Amino acid sequence: HYNLPASSAHRSPPTSQRPPAPPPQQPTGPIRATVTDVDMPLSQMMVLTLKWAIAAIPAFTLFFFLAILLLKLLNAILR
């Protein structure tokens, strides 16, 4: 639907006005989304997987050192 500017000479005759539409309802609960397909070229999928692997290195390192600390602590307690 397109309305011509007010300065236009080709104005249509006035039509009956429709009442304004009610505002859209805001969701009250959490919005859930389900991903059913990832349409991605193989090269982009490989890059994404590599980025995830690189991003996981600090977490694995932290867990490794925490495991060593826990084992040393348990070893000291059980001796």
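How far apart are the end C-alpha atoms of α1, and what span should its 37 residues have?

**View 1. Helix α1 from end to end.** This is a predicted model. The chain has 1 helix and 0 strands. Helix α1 covers residues 42-78. At 1.5 Å a residue, its 37 residues should span 54 Å. The end C-alpha atoms of α1 are 51 Å apart, which agrees with that expected span.

**View 2. The kink at Ile 57.** Helix α1 has a kink of about 30° at Ile 57. The proline Pro 58 follows shortly after this kink.

**View 3. The aromatic pair Phe 64 and Phe 65.** The structure holds 1 aromatic pair. Its members are Phe 64 and Phe 65, arranged edge-to-face. Their ring centres lie 5.6 Å apart, and the planes meet at 65°. An angle over 60 degrees counts as edge-to-face. Both Phe 64 and Phe 65 are exposed.

**View 4. A nonpolar patch on the surface.** Five side chains make up this patch: Leu 70, Leu 73, Leu 74, Ile 77 and Leu 78. Together they have about 540 Å² of accessible area. One of them, Leu 74, is found in α1. Leu 74 has 40% relative accessibility, so this residue counts as partly exposed. The partly exposed class lies between under 20% for buried and over 50% for exposed.

**View 5. Cover over the helix and the chain.** Helix α1 is hardly covered. The count of buried residues among its 37 residues is 0. Across the chain of 79 residues, 0% count as buried. The accessible surface of the chain comes to about 8600 Å². Carbon and sulfur atoms account for 67% of that surface.

Key:
Residues are numbered from 1 along each chain as its sequence is written. This is a predicted model: local features need pLDDT of at least 70, side-chain atom pairs count only at pLDDT 80 or more; totals for chains, interfaces and linings use all residues. Side-chain values use heavy atoms; hydrogens and water are left out. Patches are made of residues with over 30% relative accessible area and no salt bridge: like charges are joined within 9 Å, nonpolar side chains (Val, Leu, Ile, Met, Phe, Trp, Tyr) within 5 Å. Accessible areas come from the Shrake-Rupley method with a 1.4 Å probe; for residues, only the protein chains shown count as cover. A salt bridge is a side-chain nitrogen of Lys or Arg within 4 Å of a carboxyl oxygen of Asp or Glu. Helices (H or I, at least four residues) and strands (E, at least two) are DSSP runs, numbered from the N terminus. Buried means under 20% relative accessible area, exposed over 50%, partly exposed in between (1.4 Å probe, protein chains only). The expected span of a helix is 1.5 Å times one less than its number of residues. The bend at a residue is the angle between axes fitted to the seven residues ending there and the seven starting there. Rings of Phe, Tyr and Trp (its six-membered ring) pair if their centres lie within 6.5 Å; planes under 30 degrees apart count as stacked, over 60 as edge-to-face and the rest as tilted.
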